[in-house]
Amino acid sequence: MSEFYTLKIAGLERKLEKFPVSDKLDIAAFIIFGDVELTIAGCAELLKKVPEFDVILTPEAKSIPMAYEMARQSGKPYIIARKGVKVYMRNPLDVSVNSITTQNEQHLYLGETEVNAIKGKRVLIIDDVISTGESLAAVRELLKQAGAVEAAACAFLAEGDAAERDDIIFLEKLPLFFK
């Protein structure tokens, strides 16, 4: 039998199913894919809180709908830090990352075209959930290597201790569930 956590965000309510990360910890799974109503409302609320920026950058994959919608609402372009090198990516930058929801080490890549698009620009980093901050640290390293400037880092949710950070902008806190 599944357990759920009720989340109130951007004037909406969602029931998030809990899943074990370990024998001592569960997380409430926040999946934005397919939730158009929440994507639109959440992006509008987040855009009210962020400073001026030139370009949006997000890690692949769950926050891609947010990147698109924030770009649509703001009129600014968005770029995706990919998890694999594509044939069309010349001279990719590569940063490794370990996150709470991923079992193994992953990599994030930006191709030369994307690097040129953000070099010297104010970049808004977005993600769906910031938890351990590992993905955020990897994206920040990509920005540094690309010669870009971080405008801000933001997410719909700050999970666990991330809610106490002062270097991120978020809409709501998401608790961790210790057993």
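Exposed describes a residue with over 50% relative accessible area, buried one with under 20%, and partly exposed one in between, for a 1.4 Å probe and protein chains only. The legends concern a predicted model, in which local features need pLDDT of at least 70 and side-chain atom pairs count only at pLDDT 80 or more, while totals for chains, interfaces and linings use all residues. Residues are numbered from 1 along each chain as its sequence is written, and side-chain values use heavy atoms, with hydrogens and water left out.

**View 1. A salt bridge within helix α1 pairs E45 with K48.** A salt bridge is counted where a side-chain nitrogen of Lys or Arg lies within 4 Å of a carboxyl oxygen of Asp or Glu; for the side chains of E45 and K48 the N to O distance is 3.0 Å. Both residues belong to helix α1 (residues 36-49), where a spacing of 3 residues separates them by about one helical turn; helices here are DSSP runs of H or I with at least four residues, strands are runs of E with at least two, and both are numbered from the N terminus. K48 is exposed, with a relative accessible area of 63%, whereas E45 is partly exposed at 31%.

**View 2. E3 and K18 meet through their side chains in a salt bridge.** The N to O distance is 3.7 Å. E3 lies in the segment before β1 (4-9) and K18 in strand β2 (residues 12-22), so the contact ties together parts that are 15 residues apart in sequence. E3 is exposed, with a relative accessible area of 51%, while K18 is buried, with a value of 19%.

**View 3. R122 and D54 form a salt bridge that links distant parts of the chain.** Their side chains meet at 2.8 Å, N to O. R122 belongs to strand β8 (residues 122-130) and D54 to the loop between α1 and β4 (55-59), the two being 68 residues apart. Both partners are partly exposed, R122 with a relative accessible area of 35% and D54 with 24%. Elsewhere, R140, E150, R165 and D167 are joined into one network by salt bridges that share partners, and the structure holds 13 salt bridges.

**View 4. The cysteines C43 and C154 are not joined by a disulfide.** A disulfide requires a pair of cysteine sulfur atoms within 2.5 Å, and the structure holds 0 of them. The cysteine sulfur closest to that of C43 is in C154, at 8.6 Å, which is too far for a bond. C43 is buried, with a relative accessible area of 0%, and C154 is also buried, with a relative accessible area of 1%.
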